[in-house]
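Me: Could you take a close look with me at one part of this protein? I'd like a connected walk through it, starting from a helix pair and moving out from there.

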Amino acid sequence: MGKVHVFDHPLIQHKLSYIRDVNTGTKEFRELVDEVGMLMAYEVSRDLELQDVTIDTPVTTMTAKRLSGKKVAVVPILRAGLGMTDSVLKLIPAARVGHIGLYRDPETLQPVEYFAKLPQDIEERDFIVVDPMLATGGSAIEAIHSLKKRGATKIRFMCLIAAPEGVKLLEEAHPDVDIYIAALDEKLNDHGYIVPGLGDAGDRLFGTK
């Protein structure tokens, strides 16, 4: 069964306060999202498998530990997820990157996949799906469903800010997926925005309105 992990690290909370602040400009916002993503990736990768390898240090030969088992893939949900992709790659540079694009159908209000480009060896990969916001949960649920139907079995979801409603729906839809959250906020408002939230993550990352 998947678990929900809410981070309380002082550095993450400190940087989140600036990410939330309406006075934080695009450049600083982007840098802060990257920094928080890297701090989160450190914890998200905590249980990656290790294997013994023999190496020579300047002093002697020894048995050391290196990553083994499943290879890692990072999958941002377009477009805001792009802001958290490099943070994972800085810690796990050998990871592959896939992309999933979703739009909301104006009639049904349900997410519809319009783009998916993923590594070929899906069954062998340990996936980290990234998106700054988990609001209604619709996009995350659909993105993870998209990975599963293509053969992914080990998936984690990582976001900056989540609403309780979105967490609940994601847990119900994908009970086997671990969810990593920098901050669990109060609620969704009538427009589907997280309160207190940080506004539209994509617009703030890319300077659009």
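How are α4 and α5 oriented relative to each other, roughly parallel or roughly antiparallel?

Reply: Happy to! Please keep in mind that this is a predicted model. The axes of α4 and α5 (residues 164-173) lie 9 Å apart and make an angle of about 20 degrees. Angles under 35 degrees count as roughly parallel, and α4 and α5 are therefore roughly parallel to each other. As for handedness, α4 passes α5 in a right-handed crossing. On the α4 side the contact involves Ala140, Ile141 and Ile144, and these meet Leu169, Leu170 and Ala173 of α5. By class, that contact has 6 nonpolar residues, with no polar and no charged ones.

From here α4 leads us to the largest pocket. That pocket holds about 820 Å³ of space, and 28 residues line it. Helix α4 (138-149) is among the elements that give two or more residues to this lining, together with β4 (71-78), β6 (99-104), β7 (111-117), β9 (133-134) and α6 (201-206). Nearest the centre of the pocket are Arg104, Asp131, Met133, Ser139 and Asp200. If you are thinking about the chemistry of the lining, it divides into 15 nonpolar, 9 polar and 4 charged residues.

Two of those lining elements also take us to cis peptide bonds. Starting with β4, the bond from Leu78 to Arg79 is cis, with omega near 5 degrees, and Arg79 sits in the loop between β4 and α3 (85-91). Turning to α6, the loop between β13 (194-195) and α6 holds Pro196, which is joined to Val195 by a cis peptide bond with omega of about 0 degrees.

For comparison with your helix pair, let's look at another one, α1 (residues 10-20) and α2 (residues 26-44). Their axes come within 10 Å and cross at roughly 155 degrees. With angles over 145 degrees counting as roughly antiparallel, α1 and α2 are therefore roughly antiparallel to each other. The crossing of α1 past α2 is left-handed. Here α1 brings Leu11, Ile12, Lys15, Tyr18 and Ile19 to the contact, while α2 brings Phe29, Leu32, Val33, Glu35, Val36, Leu39 and Met40. This contact has 10 nonpolar residues, no polar ones and 2 charged ones.

So, back to your question: α4 and α5 are roughly parallel, whereas α1 and α2 are roughly antiparallel.

Note on methods:
Residues numbered from 1 in each chain as written. Predicted model: local features only at pLDDT ≥ 70, side-chain atom pairs only at ≥ 80, totals over all residues. Heavy atoms only, no water. Axes fitted to C-alpha atoms, helices over the stretch in contact; angles between N-to-C directions. Helix = DSSP H or I, 4+ residues; strand = E, 2+ residues; numbered from the N terminus. Parallel < 35°, antiparallel > 145°, perpendicular 65-115°, else oblique. Left-handed = near helix turned anticlockwise from the far one by under 90°. Contact = heavy atoms within 4.5 Å. Nonpolar A, V, L, I, M, F, W, Y, C, P; charged D, E, K, R; others polar. 1 Å grid on protein atoms, 1.4 Å probe; cavity = no way out; pocket = protein on both sides within 12 Å on 5 of 7 lines; lining within 4 Å. Points joined across faces, edges and corners; volume = space filled by probe spheres on them.
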